[in-house]
Amino acid sequence: MTPWLTVVGIGEDGFAGLGKSARRALLGAAHIVGAERQLALLPRCVSAARACWPSPFDLAAVLARRGTPTCVLASGDPMFYGVGASLARALPAGELRVLPSPSSVSLAAARLGWALQDCTVVSLVARPLAALNRHLQPGARLLVLSEGAATPAQVAELLRERGFGLSRLSLLEHLGGPHERRLDGLAADWSLPPGAALNLLAIDCRAEAGAQPLPSTVGLPDEAYRHDGQLTKRDVRAVTLARLAPLPGELLWDVGAGCGSIGIEWLRAHPQCRAIALEADEGRQAHIRHNRDALGVPHLQLVAGSAPQALAGLPAPEAVFIGGGVTVPGVLEDCWAALKPGGRLIANAVTLQSEARLIDWHARHGGELLRLHIAHAKPLGNFDTWRQALPITLLCVRKPVEAGDA
């Protein structure tokens, strides 16, 4: 099949910077769709009918031209946070051809002398600024795709608040074009006025003395969370997440989420992980909103309500954690019914009644039962002694995969 649709990655250097294949595609197209800024880069010799993307953004107008030679313009590499990926999901591979130009991050790494494989790319385009928090580590090199001209100043303020005021910033504007510009400075004293809307911010992360960056491992310090006491404590949380075993793209239900710690650390395990936190208490919902932003996972979905009623209509999960409410009729049963075959269900119990419920479930469905006894050394007069925390019973069970589910 000959592709009718060609996605052309175009840089700030415009038509002159394109390869022969991209030029031929544009010259032979009947229709060209792109942003107004990108269409303005085309010379008059490109005679195709031109159209700007509709607002709100929609692929329907492009897909309606099926069979007619059509080009779509995209910035840099169309498959890197670009429209090329959206079109590839909507069309068979044989109908689409993608001709990329260097992406802004490739150009930035070249200008900075940074090895691209050692950098982390963070997009803040149509995403909350809080998404940056997850990546702030001493020595990290971040390439941040800005939302607009105000983004660099907002990022600098965030870095100061998080104890990373010593971080070196490089603002790169109009990369690859005649108006390319680079401005350098420290987050601590960043005071440059807003510049070009099209920019990339490079961050060489450096922590200030006394700053306490969060580790990338599970089991964050309890002090990292705002809570009212409803918190799965650090050691139990680490064991629980090890049993949940997050994998890229998987969805977790955190039922009775409390302050959201399990769902938050599930999401921190991999950028493609997904999680829904279910919590009925309004005060704890506020804690979840604060914690998900502070710990860099603002995409944690919060559902206000009680299980099992609030579970209705939610997408099926690969893993379920029940931190409270296992004695409520229907909670275990509905979570188990919704769980995908091969998925994991983990439930924690503190009371005798909730423990009895887990033991009964284990007898009927198998799995693994654990009891955790954790003690911390605490002062006793002039000496120290062990202070025993309440024992925790964990049920870990995997849903069988039937022959028809494989």
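Good morning. I begin with one residue, Ala245, which is partly exposed, with a relative accessible area of 33%. Ala245 is located in the loop that runs between helix H7 (234-244) and strand S11 (251-255). Its backbone deserves attention: phi of Ala245 is near 50°, a positive value in a residue other than glycine. Please keep in mind throughout that this is a predicted model.

A second residue belongs beside Ala245. Tyr81 is not a glycine either, yet its phi is positive, at about 50°. Where does Tyr81 lie? Tyr81 is in the loop between strand S4 (70-75) and helix H4 (83-90). With 48% relative accessibility, Tyr81 counts as partly exposed.

Let me now step back to the whole chain. The chain contains eleven helices and 19 strands. Along the principal axes, its C-alpha atoms fill a box of roughly 80 × 60 × 35 Å. Of the 406 residues in the chain, 45% are buried. If we take the contacts with a separation of 6 or more, 66% of them involve residues 24 or more positions apart. The chain exposes about 19,700 Å², and carbon and sulfur atoms supply 53% of that area. As for charge, there are 39 positive and 36 negative side chains, and the centres of the two sets lie 6 Å apart.

One part of the chain carries an annotation. An unreviewed UniProt entry places the feature "domain: Tetrapyrrole methylase" at residues 5-187. In the model, this span is 25% helix and 25% strand, and its end C-alpha atoms lie 44 Å apart.

I turn next to the peptide bonds. Which form does the bond from Ser55 to Pro56 take, cis or trans? The bond is cis, with omega near 5°. Pro56 is found in the loop between strand S3 (49-52) and helix H3 (60-63). Another cis peptide bond joins Ala307 and Pro308, where omega is about 5°. Pro308 lies in the loop that connects strand S13 (301-304) and strand S14 (319-322).

Now to the cysteines. A disulfide is a covalent bond between the sulfur atoms of two cysteines. How many disulfides does the model have? With a cut-off of 2.5 Å between the sulfur atoms, the count comes to zero. Cys71 is in no disulfide, and the nearest cysteine sulfur, that of Cys45, is 13 Å away. Cys71 is also buried, because its relative accessibility is 1%. What of Cys396? The cysteine sulfur closest to that of Cys396 belongs to Cys335, and the distance of 15 Å is too far for a bond. Cys396 has 9% relative accessibility and therefore counts as buried.

Cys396 leads me to my last residue, Glu368, as the two are in contact. Glu368 lies in strand S16 (residues 368-372). Which residues does Glu368 touch, leaving aside its neighbours within four places in sequence? Glu368 is in contact with Arg243, His362, Leu394, Leu395 and Cys396. Is Glu368 buried, partly exposed or exposed? At 36% relative accessibility, Glu368 counts as partly exposed, whereas its contact partner Cys396 counts as buried. Finally, Glu368 and Val320 are 48 residues apart along the chain, and their C-alpha atoms are separated by 15 Å.

To close, I would ask you to find three places in the structure: the loop that holds Ala245, the cis bond from Ser55 to Pro56, and the contact between Glu368 and Cys396. Thank you for your attention.

Terms used: Residues numbered from 1 in each chain as written. Predicted model: local features only at pLDDT ≥ 70, side-chain atom pairs only at ≥ 80, totals over all residues. Heavy atoms only, no water. Buried < 20%, exposed > 50% of the residue type's maximum accessible area, 1.4 Å probe, protein only. UniProt positions renumbered as here; feature names shortened; annotations may be inferred. Helix = DSSP H or I, 4+ residues; strand = E, 2+ residues; numbered from the N terminus. Contact = heavy atoms within 4.5 Å. Areas by Shrake-Rupley, 256 points an atom, 1.4 Å probe, with all protein chains shown as cover. Lys, Arg positive; Asp, Glu negative; His and termini not counted. Charge placed at Lys NZ, Arg CZ, Asp CG, Glu CD.
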